[in-house]
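I opened the model to look up a few side chains, some strand pairings and the salt bridges. My entries follow in the order I made them.

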Amino acid sequence: MPPAFTPSLISWNLTRRCNLRCPHCYLSAGEAEADELSTDECLALLDELAALGTEMLILTGGEPLLRRDIYEIARKASALGMWVVMGTNGVLVNDHVARKMVDCGVRGVGISLDALDPEKHDRFRGGPDAWKHSVRALEICRRHGLEVLVQTTVMEMNYDEIPALLDFAREKGAWSFNVYFLVQTGRGQALNDLSPERTEALLTRLVELQDRYRPMLVRAKCAPQFKQIAYAMGRGGLESGGCMAGTAYCRITPGGDVTPCPYMTVVAGNLRERSFTEIWQTSPVFADLRDRSRLQGRCGACEFNALCGGCRCRAYAATGDYLAEDPACTYRPTGRPLAEPPLDWSDNARARLERIPIAFIRDKVRRGVEAFARRHGLPRITHDVMTRALQGADRPEAFAGLKAPAFRPRQPAETAGTGRPEPGARP
């Protein structure tokens, strides 16, 4: 019988070596580790991951482009059927590099951009001309047909810039805009996180902004309570978020440690001591995270337990216990389980779902659409219901040429005739 949990998405820190010194770096990157996994070890591991069903692989660092074998690793992962994404600071990206990415099967590139003011971004990233390199890399990758994910770590210094950064990313043709909520780990231990109230306010704004930026995805990372807020507001985006640490996702460090997430230092096992398969299937750490009944505090009592689960890394960073409640969430559970009446899928809606090529994303979309339908008392899921439930759907081929709308507050009249409750509407 196949295992109940599949390592569908893996973030692989291939090296600790980096050419920038970001003050929030969870890996404390700079110099390479003394004994990072060799090329042969990496290539052998890819065979094992493929056999277990890994569908998406994020190759990152440090700076992954500093590894001479990066293209060999990416090429094999792609040949094994994995959707390969590379996370880079952009400093080393040029036309030659972008062509090599395309040639070896890389599908997307994550590029960090933390401010529209170049000086502010450069200070935050710890290197001269970092902003220029990021924007140049974004443009080069798009020109070569690579999908770009703009990654922004939100802090007080750029909190009010998020709408402008969304506009900028949209204009540049980004596939997704990912807002990362700081987890105090690595060098980030010395930085101040947003308050829970400020976190909730921004998440609420992101829920409101989703539709405005179609087809670009708007994603909140390390803030799975995005789902609870979207549900309460009756909005789409319920396929986004939800903590996957240890259930469908994990991280591999440069030295071969396997952890539930890049932001959690708890080691489930080391690849030089045990196989990845054994670690994934038998580690007590993963067993804990896969049993939502073990969650404590408000997360354990929450009716959104299955949809959200709370950020396990933030809980660990704050308390030393990865099963503790998420301190960044302000929601108070009601004690009443979410209603789960049976649903019927129309043929065209089911066909649209099946067109999603990556199984774990397809499953997240299914669960999100079903949660949206139940939230609105809709017994049948049609193509129209899916469109309402999802954000960033049906991307046109000419996406790169689309321009961002000017940012302005949402007006009540804009929701007229959409069938969607106004922000703040409750079940």
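**Entry 1. E36**

I began with the side chain of E36 and found a polar contact of 2.9 Å with the side chain of T15. The coordinates are those of a predicted model, and I read every distance below with that in mind. E36 sits in the loop that lies between strand 1 (9–13) and helix 1 (39–52).

Which side chain of opposite charge is nearest to E36, and how far away is it? I found R67, at 4.4 Å. A salt bridge requires a side-chain nitrogen of Lys or Arg within 4 Å of a carboxyl oxygen, so a distance of 4.4 Å does not qualify. I therefore noted E36 as buried and without a salt bridge.

I then listed the contacts of E36, leaving out neighbours within four places in sequence. They are L14, T15, R16, R17, E41, R67, P254 and R272. Two residues of that list, E41 and R272, come back in Entry 2.

**Entry 2. R272 and E41**

I counted salt bridges next; the structure holds 26. I looked at the one between R272 and E41, whose side chains meet at 2.9 Å, N to O. R272 lies in the loop between strand 10 (269–270) and helix 9 (276–282), while E41 is in helix 1, so the pair ties together parts that are 231 residues apart in sequence. I checked the accessibility of each partner. R272 has a relative accessible area of 35% and is partly exposed. E41, with 30%, is partly exposed too.

**Entry 3. D47 and K76**

I looked up a second salt bridge that starts in helix 1. The side chains of D47 and K76 meet at 2.8 Å, N to O. D47 is in helix 1 and K76 in helix 2, and the pair links distant parts of the chain, 29 residues apart. D47 counts as partly exposed at 39% relative accessibility. For K76 I have 24%, which also counts as partly exposed.

**Entry 4. L45**

I stayed in helix 1 for L45. Is L45 buried or exposed? Its relative accessibility is 6%, so I put L45 down as buried. Not counting residues up to four places away in sequence, L45 touches W12, I252, L271 and F276. I also took the separation of the C-alpha atoms of L45 and L146: 25 Å, for residues 101 apart along the chain.

**Entry 5. Strand 3**

I turned to strand 3 (residues 83–88) and asked how many of its six residues are buried. Five are, so strand 3 is largely enclosed by the rest of the structure.

I then took the pairings. Strand 2 (residues 56–60) pairs with strand 3 in the parallel sense, over four bridges. One bridge there puts M56 with W83 of strand 3. Strand 3 is also joined to strand 4 (residues 106–112) by five bridges, and these strands run parallel. I found G87 opposite G110 of strand 4. From strand 3 the chain crosses through helix 3 (residues 95–103) to strand 4, in a right-handed β-α-β crossover. Strand 2, helix 2 (residues 70–79) and strand 3 likewise make a right-handed β-α-β unit.

**Entry 6. N178**

I picked N178 in strand 6 (residues 176–181). At 3% relative accessibility, N178 counts as buried. Which side chains does the side chain of N178 meet in polar contacts? I found Q151 at 2.9 Å and S176 at 2.7 Å. Setting aside residues up to four places away in sequence, N178 touches L149, V150, Q151, T152, R219 and K221.

**Entry 7. Helix 14**

I closed with the salt bridge of D363 and R366, where the closest N and O atoms are 2.6 Å apart. D363 and R366 are three residues apart in helix 14 (residues 359–375), so about one helical turn separates them. D363 is partly exposed, with a relative accessible area of 29%. R366 counts as partly exposed at 26%. I followed the shared partners and found that salt bridges join D363, R366, R367 and E370 into one network.

Technical notes. Residues numbered from 1 in each chain as written. Predicted model: local features only at pLDDT ≥ 70, side-chain atom pairs only at ≥ 80, totals over all residues. Heavy atoms only, no water. Buried < 20%, exposed > 50% of the residue type's maximum accessible area, 1.4 Å probe, protein only. Helix = DSSP H or I, 4+ residues; strand = E, 2+ residues; numbered from the N terminus. Pairing = 2+ DSSP bridges. Right-handed = clockwise from strand over helix to strand, strands pointing away. Lys, Arg positive; Asp, Glu negative; His and termini not counted. Polar contact = N/O pair within 3.5 Å; in protein donor to acceptor, adjacent residues only side chain to side chain. Contact = heavy atoms within 4.5 Å.
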